[in-house]
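Hi,

Here is the structure I promised to pass on. Have a look at it first, then read my notes underneath.

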Amino acid sequence: MTRETGLSELKRTALYDLHMELGGKMVPFAGYEMPVQYPMGVMKEHLHTRAAAGLFDVSHMGQVILRSASGDMADAARALETLVPVSVLGLKENRQRYGFFTNAAGGILDDLMIAHRGDHLFLVVNAACKAADIALMQERLGADCAVVPVTDRALLALQGPAAEGALERLVPGVAEMKFMDIAVLDGPDGEVWVSRSGYTGEDGFEVSVAADAAPAFARALLEMDAVAPIGLGARDSLRLEAGLCLYGNDIDETTSPVEASLDWAIQKVRRKDGDRAGGFPGAERILAELETGTARRRVGLLPDGRAPMREGTQLFADAEGGQPIGHVTSGAFGPSIEKPMSMGYLPTELSAEGTQVFGEVRGRRRPAIVAAMPFRPATYKR
Amino acid sequence: MKYTEDHEWLRVEDDLVVVGITEHASTQLGDVVFVELPEEGTKVAKGDDAVVIESVKAASDILAPVDGEIVAVNEELVDKPALVNEDPLGAAWFFKMKVEDMEALDAFMDEDAYKELID
């Protein structure tokens with residue numbers, strides 16, 4: 001959060017008036033004035049998303065088109081592979097995958113979604129990082145690729161078990177999509193760019209819709225009984241239950257993808273002995289870490305009792321004495337699992353599931369157990 | 001009923017001062033998920049942290065409004081922290097205090113003054 005920014009300097013999304021009308025409590029977030037919650041409240045918004053469908057305004061996120069000058073999609077994919085350690089060339093048409101930009105030291109500059117749209121790539125990046133991401137791509141890929149920020153489209157996420165039924169009524173065809181499929185479809189008022197994905201652990205969709213058509217599109221969804229507006233507060237507890245990283249909290253320039261337990265996102269072809277091994281910033285460190293491991297790992301933690309261990313909580317090996325061995329990067333109460341949950345970094349030798357550590361909350365050390373993530377199983381439609 | 005600037009309410013019941021938080025405070029906090037109560041018998045000075053409550057958003061302290069001894073705590077809140085949102089003025093009292101100087105309560109706001117504060 002950029003707390004020092006005055007409300008007057010903040011940008012607004014195409015849905016700002018709708019947020020106000022719905023009673024959204026607006027807060028500064030990544031340079032935007034965004035709803036942290038609606039009158040329903042964080043807890044009920046969270047549970048509603050898991051039980052029916054939640055509508056999120058994620059228009060603050062960056063949408064970017066990457067197109068090679070040659071017109072050959074493979075050239076754009078090869079270019080992007082110089083900035084991300086994932087297989088972009090291996091991505092099939094109308095599919096997307098998760099990835100991250102790395103720096104020369106092997107840290108994570110941002111995490112993003114990469115979609116193959118036939119003759120170009122479509123990227124969705126974090127709001128707080130979008131200016132830097134676009135500048136990086138323009139600088140490093142600009143000679144061979146056009147980097148085109150999409151600034152005239154809103155981005156909505158519709159998440160939860162009722163998302164498919166609700167969206168199908170407005171955008172016929174979405175029901176046939178599978179997890180991580182993308183499609184360009186006809187919406188009620190023009191073309192919509194749909195992906196079957198999200199950041200809640202639920203089945204659901206992200207929908208890019210022309211900014212001037214977005215309010216009516218959102219209203220049409222909200223008119224359905226199953227759909228409620230959901231703020232950033234519940235978005236955070238939903239993603240944490242799903243074990244998903246928040247850039248800036250759980251991953252940043254000082255954490256490598258292997259330390260962050262994101263090895264799964266680095267396909268074999270980019271690893272040592274792969275056909276396109278390395279060739280991205282920080283490859284030396286990251287490829288070595290994939291072979292030999294790291295000193296610390298990102299883990300899930302389930303604290304004993306009901307007290308959340310929040311961001312910044314110091315972790316210790318023992319109930320008394322000793323120096324901190326790690327810290328919590330995200331922590332909250334999980335409304336669906338009905339207990340507190342945290343994510344943090346621990347020495348690898350203490351990162352096995354079931355290991356007991358201690359978090360210092362208000363001067364007292366309380367036990368927490370290293371636990372598998374997601375804390376709540378995902379319900380993606382594979 | 002008396003009100004503090006920290007959005008606590010105080011009610012005198014059987015010569016004891018019962019302490020809770022106002023509806024305004026409970027709304028501002030959001031859904032409460034955890035309550036940590038003091039031990040019965042704890043002596044507190046005005047302004048001491050007496051109770052910790054955690055909502056979905058953050059942790060907050062409930063302060064002792066006056067000097068005294070905590071003689072009873074509402075154990076029900078430990079298992080049902082949501083009561084703080086459901087019934088902040090009733091079932092969700094936090095603790096009862098034995099207070100020597102009951103006149104100290106006179107310094108706090110009445111309902112009209114408190115309403116003015118939050119409007």
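**What I found in chain B**

Of the contacts in chain B with a separation of 6 or more (contact means heavy atoms within 4.5 Å), 59% link residues 24 or more positions apart. One thing to know early on: this is a predicted model, where local features need pLDDT of at least 70 and side-chain atom pairs count only at pLDDT 80 or more, while totals for chains, interfaces and linings use all residues; side-chain values use heavy atoms, without hydrogens and water. Residues are numbered from 1 along each chain as its sequence is written, and chains are lettered from A and ligands numbered from 1 in the order in which they are written.

Chain B has 119 residues, and 46% of them are buried (under 20% relative accessible area, 1.4 Å probe, protein chains only). Its radius of gyration is 13 Å, which agrees with the value near 14 Å for a compact globule with 119 residues (taken over C-alpha atoms; the rule is 2.2 Å times the number of residues to the power 0.38).

You'll find 4 helices and 9 strands in chain B (DSSP runs: H or I, at least four residues, for helices; E, at least two, for strands; numbered from the N terminus). Three of the strands make an open sheet in the order β4-β6-β7 of chain B, with antiparallel pairing (strands pair if DSSP finds at least two bridges between them). Its edge strands are β4 (32-36) and β7 (59-63) of chain B. Strand β6 (residues 49-55) of chain B pairs with β7(B) over 5 bridges, and B:I53 sits opposite B:S60 in β7(B).

Cheers

Methods. Buried means under 20% relative accessible area, exposed over 50%, partly exposed in between (1.4 Å probe, protein chains only).
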